[in-house]
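Please open the structure in your viewer and keep the sequence panel beside it. The tour below goes from the whole chain to the interior, one selection at a time.

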Amino acid sequence: MKEYEAILEIINQCPLNRDRDTFFEEIKTDDLDEFVKKKFVGQEITYDKTVAKDGSVIFDLMVSGIHQRYTFTEI
């Protein structure tokens, strides 16, 4: 299994509030798509997946109407 540092950002939708809730964790998985789906099981979820030039994998998510971003960097 691959190991990743994962950063989850919950992005505040209010235009005057730029604060984000940010959470860090280390995970082991061979399938990031499946990890994200299991993390939010039972919730309405859509996402776009991007692979950055540095190899990080970024998921821009809408989870039950809340914008979130997961960034995975292999360690």
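How many positive and how many negative side chains does the protein have, and how far apart do the centres of the two sets lie? If you select the charged side chains of this predicted model, you will find 10 positive and 16 negative ones, with the centres of the two sets 3 Å apart.

Next, switch to a cartoon view, in which one helix and five strands can be picked out, and follow the chain from its start, where the elements come in the pattern β-β-α-β-β-β. The radius of gyration is 13 Å, close to the 11 Å that the globule rule gives for 75 residues, so the protein is as compact as a globular protein of that length. Along the principal axes, the C-alpha atoms fill a box of roughly 40 × 30 × 20 Å.

Now turn on the surface, which comes to about 5,300 Å² of accessible area, with 49% of it belonging to carbon and sulfur atoms; of the 75 residues, 27% count as buried.

To look inside, hide the surface and select Leu32, Val36, Phe59, Leu61, Tyr70 and Phe72, which are the residues with the most contacts inside the largest nonpolar core, a set of 14 residues. Colouring by element then helps, since strand S1 (2-11), helix H1 (32-39), strand S4 (57-63) and strand S5 (66-74) each give two or more residues to this core, and the largest share, four residues, comes from S4.

Finally, centre the view on Val36, which, leaving aside its neighbours within four places in sequence, is in contact with Ile45, Phe59, Leu61 and Phe72.

Methods
Residues are numbered from 1 along each chain as its sequence is written. This is a predicted model: local features need pLDDT of at least 70, side-chain atom pairs count only at pLDDT 80 or more; totals for chains, interfaces and linings use all residues. Side-chain values use heavy atoms; hydrogens and water are left out. A nonpolar core is a set of buried Ala, Val, Leu, Ile, Met, Phe, Trp, Tyr and Cys residues joined through side-chain atoms within 4.5 Å. Buried means under 20% relative accessible area, exposed over 50%, partly exposed in between (1.4 Å probe, protein chains only). Contact means heavy atoms within 4.5 Å. The radius of gyration is taken over C-alpha atoms; the globule rule is 2.2 Å times the number of residues to the power 0.38. Accessible areas come from the Shrake-Rupley method with a 1.4 Å probe; for residues, only the protein chains shown count as cover. Lys and Arg count as positive and Asp and Glu as negative; His and the chain ends are not counted. The place of a charge is taken as NZ of Lys, CZ of Arg, CG of Asp or CD of Glu.
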